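Please read these notes with the model open beside you, and look up each residue as it comes up. The points deal with nonpolar cores, a surface patch and aromatic rings.

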Amino acid sequence: MASVEIQNVRKAYGAFETIKGVSVDVPDGAFVVLVGPSGCGKSTLLRMIAGLEEITGGTIRIDGRVINEVEPKNRDIAMVFQNYALYPHMTIAENMGFSLRLAKKSKEEIASRVADAARILGLTDYLQRYPKQLSGGQRQRVAMGRAIVRNPKVFLFDEPLSNLDAKLRVQMRAELKDIHARIRTTTVYVTHDQIEAMTMADRIVVMRDGIVEQVGAPLELYDKPANMFVASFIGSPSMNFLSAKVSEDHKSVVTENGVRLPLGAEASAAPGTAVTYGIRPEHLTIAAPGEGIPITVTNIEPTGSETFVQGAVDGQKISVQLRERLFIKTGDVLNLTLASANSHLFESVTGQRL
Amino acid sequence: MLKRKRFIFAILAILPTLAIFGYVRLYPIADTLRLSLFKWDILSRNKPFIGLANFRELMGDHLFLDALVNTTIIAFGVLLLTIPMALVIAALIFHRTRSRMAGFYETAVFIPHVVSLVPAAMAWKWIFDARLGPLNALLNFFGIPAQNWLFDPVLSVICIIVLCSWQALGYAVLIYIVGFKNLPVSLYEAAKLDGASGPQSFWFLSIPMLKPITLYVSVVTLVSGFNVYAQAFVLASDAQGAPGRQVRVLVLDMLENSFRNYRVGYAASEAVVLLVIVLVLTLIQFSMLRERGRI
């Protein structure tokens, strides 16, 4: 086990910089998820930790040792690839034991370590089969197994679940979390799926365009997003944003046509400052008759357990997640209460949290 | 109704091609099979059916058996030389694709395959020349005595194998490069992390994963090896200068029988033997490919 320290790491292809100075600390035994939209540099960062991409600037340390110039095989890491990258001509046992075979371990040791990993992953019955004969989920487990047998300092995962169907993904998510809880190897996990990030991580690193937008525990990111990007990226359906101006008494913000939106705490910005008001769809509830904020319904999506309503407040789009079943149609006006304690305020221009 | 019309149209559309194909490819094969069963020569009017007599005669014909042994040695020699070399060269070219010279290397290896056979063979004849050839000059330089390359019965076969391999190499390398390009990069990255060095990835990943390509290239090389003729004809004349006699090959024997001895039926039976060899090799390849597909 080991920690990973990434300090001011840069990656450039020619003049084009894809990673613009990223610093992340992965403590010993932690499960850290790098999340962000495609092209944000998260996979590149992971591949730099693995040694598959050269590091243009900055340093990466594993267990305190700078590994910038160290060969991948000497970094003591194992990586699980998105497409599993299993060797098609080798059996599952050979796939899992390949690294040990290259390390010139004895046949008995290889067999016993492969058997141990197979037991952890429930692959014992499949050891003599070929990758082609396994299902997607089983192949995923073999890829995990190949990483586990080596007992590396750090596990790297590059979107390992994105080739699985939705149901299997949920199941594998739980399995991965369970395996990490048992073997507690430091893990860096890359995904573009914020739900995966939220459910699995000890810490989430949100990236965009080659920079880190925010680092924190999952609920910390959810409750206190540092900026509008994190606010919109974490949580599904994503947060509503309404543009408004700070009121005279600092206790609310007012939209263009005078709809007053309540704040949980007094706004620090001067009255009249243009801001963006953020509120998550689940923090809106149906108000008592005659109270609340009127919303014109434009679309209704009942899912059974809850109802998603899209509408407009003062001409600005808003979506609402309600627990109750509603008998309304598009065009109706719904009065809603905003949970002011859960509201967020962002600077309009920079998008930073106020 | 429409379906039927379209079917008829389709048949009509491919009929000319089929007809040409049948006439130039299938008819000669069928006719060769037929000729091999007749005592068919250009001079006699009478061309009687003699069953398998031609084949029985072949079994005792020293010239034919010589040619068969020589041809087989050449074909397998070319195979054994070409396949490993092509694999290694293709790997080197592929893994250096970022170099500016990659295109040059590829072309350089492929050119022998498209160069006309006879001038190329003449050039090699000069290389192997006992008195003037650069090969012997090189050997002399290292203190090795000059060899009589083209007149020694063993060395001359080796010379032909070298020439044929030089020509077959370009095609094999080209096919292997395509094979390399289709191997998934992530497997090599995984192997790198598993601790494999370059040669180890080549040995443990590339070679087994390129097996279907190797099978294909082997059969193509073997078949063209069995059809060796011009190389032997140009390169190896006997002591009196008669071309092709030093290393007798199947195609030469066939030509001599049909156009020198006028025994066309007998030559046809030789062609049938060659056809059977080639067919068997192809069948072996197909069955091996199918076996692999089962995994």
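1. Which residues form one aromatic cluster with A:F31? The cluster is made up of A:F31, A:F155, A:F157 and A:Y189. Rings of Phe, Tyr and Trp (its six-membered ring) pair if their centres lie within 6.5 Å, and planes under 30 degrees apart count as stacked, over 60 as edge-to-face and the rest as tilted.

2. This is a predicted model, in which local features need pLDDT of at least 70 and side-chain atom pairs count only at pLDDT 80 or more, while totals for chains, interfaces and linings use all residues. Residues are numbered from 1 along each chain as its sequence is written, chains are lettered from A and ligands numbered from 1 in the order in which they are written, and side-chain values use heavy atoms, with hydrogens and water left out.

3. The largest nonpolar core (buried Ala, Val, Leu, Ile, Met, Phe, Trp, Tyr and Cys residues joined through side-chain atoms within 4.5 Å) has 80 residues, and those with the most contacts inside it are A:L45, A:I60 and A:L156. Its largest share, ten residues, comes from helix α3 (residues 62-95) of chain B; helices here are DSSP runs of H or I with at least four residues, numbered from the N terminus.

4. Leaving aside residues up to four places away in sequence, A:L45 touches A:I6, A:V9, A:I19, A:V22, A:L34 and A:M207, where contact means heavy atoms within 4.5 Å. A second, separate core of 45 residues includes A:V33, A:I110, A:V206 and A:Y222.

5. On the surface, B:F7, B:I8, B:I11, B:L12, B:I14, B:L15 and B:L18 make a nonpolar patch of about 670 Å². Such a patch joins nonpolar side chains (Val, Leu, Ile, Met, Phe, Trp, Tyr) within 5 Å, from residues with over 30% relative accessible area and no salt bridge, that is, no side-chain nitrogen of Lys or Arg within 4 Å of a carboxyl oxygen of Asp or Glu. One of its members, B:I14, lies in helix α1 (residues 2-35) of chain B and counts as partly exposed because its relative accessibility is 45%; buried means under 20%, exposed over 50% and partly exposed in between (1.4 Å probe, protein chains only).

6. Over all chains, the count comes to 17 aromatic pairs. A:F98 and B:F204 form an edge-to-face pair, with 5.6 Å centre to centre and 80° between the planes, and this pair crosses between chains, from helix α2 (residues 92-102) of chain A to helix α9 (residues 198-209) of chain B. A:F98 counts as buried because its relative accessibility is 0%.

Methods: Helix = DSSP H or I, 4+ residues; strand = E, 2+ residues; numbered from the N terminus. Patch = residues over 30% accessible without salt bridge, like charges linked within 9 Å, V, L, I, M, F, W, Y side chains within 5 Å. Areas by Shrake-Rupley, 256 points an atom, 1.4 Å probe, with all protein chains shown as cover.
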